[in-house]
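Dear colleague,

I am passing on the structure below, followed by some notes on what turned up in it. Please read them with the coordinates open beside you.

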Amino acid sequence: MSDVAAAPKSVTVEEMTEEDDVSAAEAAIEERWSLYEAYNELHALAQELETPFEAPAVLVVGQQTDGKSALVEALMGFQFNHVGGGTKTRRPITLHMKYDPQCQFPLCHLGSDDDPSVALPKSLSQIQAYIEAENMRLEQEACPFSAKEIIVKVQYKYCPNLTIIDTPGLIAPAPGLKNRALQVQARAVEALVRAKMQHKEFIILCLEDSSDWSIATTRRIVMQVDPELSRTIVVSTKLDTKIPQFSCSSDVEVFLSPPAIALDSSLLGDSPFFTSVPSGRVGYGHDSVYKSNDEFKQAVSLREMEDIASLEKKLGRLLTKQEKNRIGISKLRLFLEELLWKRYKESVPLIIPLLGKEYRSTVRKLDTVSKELSSLDEAKLKERGRTFHDLFLTKLSLLLKGTVVAPPDKFGETLQDERTQGGAFVGTDGLQFPHKLIPNAGMRLYGGAQYHRAMAEFRFLVGAIKCPPITREEIVNACGVEDIHDGTNYSRTACVIAVAKARDTFEPFLHQLGARLLHILKRLLPISVYLLQKEGEYLSGHEVFLKRVASAFNSFVESTEKSCRDKCMEDLASTTRYVTWSLHNKNRAGLRQFLDSFGGPEQLAASGSSIQTTEMRLADLLDSTLWNRKLAPSSERIVYALVQQIFQGIREYFLASAELKFNCFLLMPIVDKLPALLREELENAFEDDLDSIFDITNLRQSLDQKKRSTEIELRRIKRIKEKFRVMNEKLNSHEFAQNLKAPSLQQ
């Protein structure tokens with residue numbers, strides 16, 4: 001062995017510079033990939049947790065026949081979707097694409113529907129089969145579209161570094177009743193797409209299949225969300241089919257450079273892009289046109305060159321560099337990639353505080369779960385149950401006394417809502433009183449305010465009820481035959497008619513009032529639960545215990561309402577069973593006036609005398625009321641007047657009695673009897689098997705699982721948060737800024 005060390009190889013300045021440039025380019029590519037991966041994880045996290053942050057992405061929007069899915073495939077460099085006529089995309093498909101020059105075949109992962117953070121390796125055929133199966137499944141559903149995204153991660157040598165969301169194609173149904181089903185589907189798709197476009201981070205790729213820019217089929221919907229098209233890229237698809245349609249070069253000029261009146265120049269990218277995708281599928285079947293994705297990619301590139309040549313031939317001139325930069329899939333892909341990269345960089349400082357907030361929220365959630373686990377012993381559970389009992393009663397009392405802590409738009413009811421849910425006050429004629437005439441009818445009320453309005457409506461409605469019409473037949477039938485003589489007793493007749501009319505009229509209102517107030521009081525339970533949840537005082541996880549409390553409350557309210565209604569029914573029965581003149585006819589002078597009417601003008605004329613003695617008047621009275629069954633007009637008026645007087649007396653007593661009893665025997669027991677009953681129910685529950693009441697075994701398993709999933713969630717957020725923190729530091733460093741000047745990722 002030689003003792004002389006080998007001389008080091010000399011390196012020239014040029015070689016060092018080249019090596020530095022290569023290293024810088026590789027570093028730039030690596031940093032880009034790291035940032036793409038971080039955003040992909042962020043997008044999956046946002047989908048899973050429904051968090052308020054979203055990663056920048058390209059949202060593809062277009063009509064069913066605009067070639068939307070074909071355009072997405074051309075951008076990807078390979079075919080995977082179910083392309084063809086009709087609806088082929090019933091769920092949005094999120095494609096996280098990553099350029100990998102070493103990947104000769106598409107390497108795909110399909111996100112799990114149960115856990116979007118889990119991506120399972122799948123072949124292209126498996127992903128195609130899954131998408132087609134989902135389309136077929138949804139086609140049979142009542143709502144044939146779903147907003148839940150299918151998440152696919154792809155690495156491939158032809159993929160750009162993009163996240164693209166392919167949405168279901170918009171539908172333009174024909175008018176008419178026979179197309180109602182398709183019209184319903186069209187509204188569902190439009191609502192889904194519009195909801196996706198609401199995300200301010202998304203770049204909207206708006207596809208139009210028209211050679212006339214004054215026709216804004218897709219833009220009409222896009223501009224409802226993005227009126228200025230400031231985050232919208234407009235793409236004219238199927239360029240190869242449009243070029244032959246132009247008859248002169250001026251038409252082509254207007255098409256390539258639309259005037260501002262037809263297409264606002266404020267749109268993203270300043271002017272539209274123009275693309276063509278060659279028809280034909282990849283495969284080995286007899287219908288396949290391309291044997292491989294490489295052939296498909298070559299066909300896309302060839303189509304781009306042919307489109308440029310055809311346009312130049314139509315124009316009679318060469319296209320400018322600026323015009324060429326808007327024609328073809330490759331130009332659109334490059335523009336999208338650079339735009340998305342710019343958005344990624346700009347969004348990094350904004351994402352970090354959002355991730356920090358989500359991290360702190362998850363830490364608090366984990367602490368809450370840990371505390372719940374530590375409190376699963378008998379003494380603590382009993383104490384929590386008693387505390388919940390006291391807090392629940394406090395909320396009930398607060399709602400009855402009046403509060404504004406529960407949002408009226410969520411828990412309040414207008415009078416019309418209340419009538420629909422709790423039943424309306426309907427008289428024997430089947431008519432309802434116009435709700436607009438009731439004070440506060442349009443206000444969304446709950447608790448004590450709603451109870452008071454219902455009672456006011458009852459008072460207002462019942463107090464205005466008149467005695468139903470009386471027929472001559474009813475009067476004659478009510479006369480009957482006495483047990484000692486066959487004369488008539490019109491005072492008895494009036495009583496019989498009045499009490500029957502009153503019973504039939506007022507009894508339904510008692511049942512209606514009970515049902516309405518029961519509805520209002522039962523609504524106190526979910527509102528109280530909301531208030532407890534809002535203040536963090538709800539016993540989450542203890543569903544068996546909470547159901548027992550809810551059952552006890554509802555049973556108490558129902559039994560109390562029935563007991564109160566029974567008392568009111570007893571009052572109504574007594575009032576309509578025996579007429580007490582001091583109660584039913586409070587004005588004795590009125591009764592005397594009614595009887596005096598028997599000596600009216602017709603009796604005076606019949607006697608033939610201008611002076612009538614008391615004896616003669618008595619004889620006439622007996623003749624018309626006791627011995628004569630022929631119903632004279634005067635007798636009919638007397639019976640009618642007596643009935644009205646008695647009915648009014650029953651109504652006034654019924655109204656005052658019903659209101660007083662419902663207040664005393666329904667409302668007040670919630671204040672003074674419910675606490676003791678719930679406490680007794682609670683202590684009885686504690687005497688039973690505590691495990692069955694609080695379901696401790698299942699709850700412990702559930703909380704353990706929740707704790708594990710929250711810990712995993714916390715680690716995920718921490719990992720993504722750290723990635724963005726490191727990336728932000730690199731973006732702010734001078735070294736990374738220089739690396740960004742490296743050549744494009746794809747040559």
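Both glutamate 457 and arginine 516 are buried, and I begin with them although the model is a predicted one. The two residues form a salt bridge in which the closest N and O atoms are 2.9 Å apart. Because glutamate 457 lies in helix α14 and arginine 516 in helix α16, the pair ties together parts that are 59 residues apart in sequence.

Two other salt bridges, each set within a single helix, make a useful contrast in setting. Lysine 562 is bridged to aspartate 566, with 3.2 Å between the closest N and O atoms, and since these residues are four apart in helix α18, about one helical turn separates them. Lysine 562 counts as partly exposed at 45% relative accessibility, and aspartate 566 likewise counts as partly exposed, at 33%. The pair formed by glutamate 457 and arginine 516 belongs to a wider arrangement, in that salt bridges with shared partners join Glu418, Arg419, Arg453, Glu457 and Arg516 into one network. The other bridge within a helix is that of arginine 194 with glutamate 190, where the closest N and O atoms are 2.5 Å apart; both residues lie in helix α4 (residues 180-197), four residues from one another, which is about one turn of the helix. Arginine 194 is partly exposed, its relative accessible area being 25%. The count of salt bridges comes to 31.

Glutamine 450 is a residue to look at alongside that network, given that its side chain makes a polar contact of 3.1 Å with the side chain of glutamate 418, and Glu418 is one of the network's members. Glutamine 450 is found in helix α14, which covers residues 447-463, and it is buried, with a relative accessible area of 0%. If neighbours within four places in sequence are left aside, glutamine 450 is in contact with Glu413, Glu418, Leu445, Ile520 and Arg523.

Turning to the nonpolar interior, the largest core has 73 residues, and those with the most contacts inside it are Phe392, Phe458, Phe506, Leu517 and Phe662. The elements that give two or more residues to this core are α11 (378-401), α14, α15 (472-479), α16 (490-522), α17 (524-534), α18 (543-575), α23 (633-672) and α24 (674-687). Of these, α16 gives the most, with 15 residues. Leucine 517, which is among the residues with the most contacts inside the core, is in contact with Tyr451, Ala454, Met455, Phe662 and Leu666 once its neighbours within four places in sequence are set aside. Apart from this core lies another, of 54 residues, which include Ala74, Met76, Ile150 and Phe724.

Valine 557 offers a further view of the helical part of the model. This residue is found in helix α18 and counts as buried at 1% relative accessibility. Not counting residues up to four places away in sequence, valine 557 touches Leu518, Leu521 and Leu666. Valine 557 and leucine 674 are 117 residues apart in sequence, while their C-alpha atoms are 8.8 Å apart in space.

The strands come together in an open sheet with mixed pairing, and the nine of them run in the order β4-β3-β5-β2-β6-β1-β7-β8-β9. At the edges stand β4 (119-122) and β9 (273-274), each of which has a single partner strand, so that one side of each is left without a neighbour in the sheet. Within the sheet, strand β1 (residues 57-61) and strand β7 (residues 202-208) pair in the parallel sense over five bridges, and valine 58 stands opposite isoleucine 203 in β7.

For the protein as a whole, the secondary structure comes to 27 helices and nine strands. Of its 747 residues, 45% are buried, and the protein exposes about 38,100 Å², of which carbon and sulfur atoms supply 55%. Among contacts between residues at least 6 apart in sequence, 81% join residues that are at least 24 apart.

With best regards

Technical notes: Residues are numbered from 1 along each chain as its sequence is written. This is a predicted model: local features need pLDDT of at least 70, side-chain atom pairs count only at pLDDT 80 or more; totals for chains, interfaces and linings use all residues. Side-chain values use heavy atoms; hydrogens and water are left out. Buried means under 20% relative accessible area, exposed over 50%, partly exposed in between (1.4 Å probe, protein chains only). A polar contact is a pair of N or O atoms within 3.5 Å; within protein, one must be able to donate a hydrogen and the other to accept it, and residues adjacent in sequence count only if both atoms are side-chain atoms. Contact means heavy atoms within 4.5 Å. Accessible areas come from the Shrake-Rupley method with a 1.4 Å probe; for residues, only the protein chains shown count as cover. A nonpolar core is a set of buried Ala, Val, Leu, Ile, Met, Phe, Trp, Tyr and Cys residues joined through side-chain atoms within 4.5 Å. Two strands pair if DSSP finds at least two bridges between them. A salt bridge is a side-chain nitrogen of Lys or Arg within 4 Å of a carboxyl oxygen of Asp or Glu.
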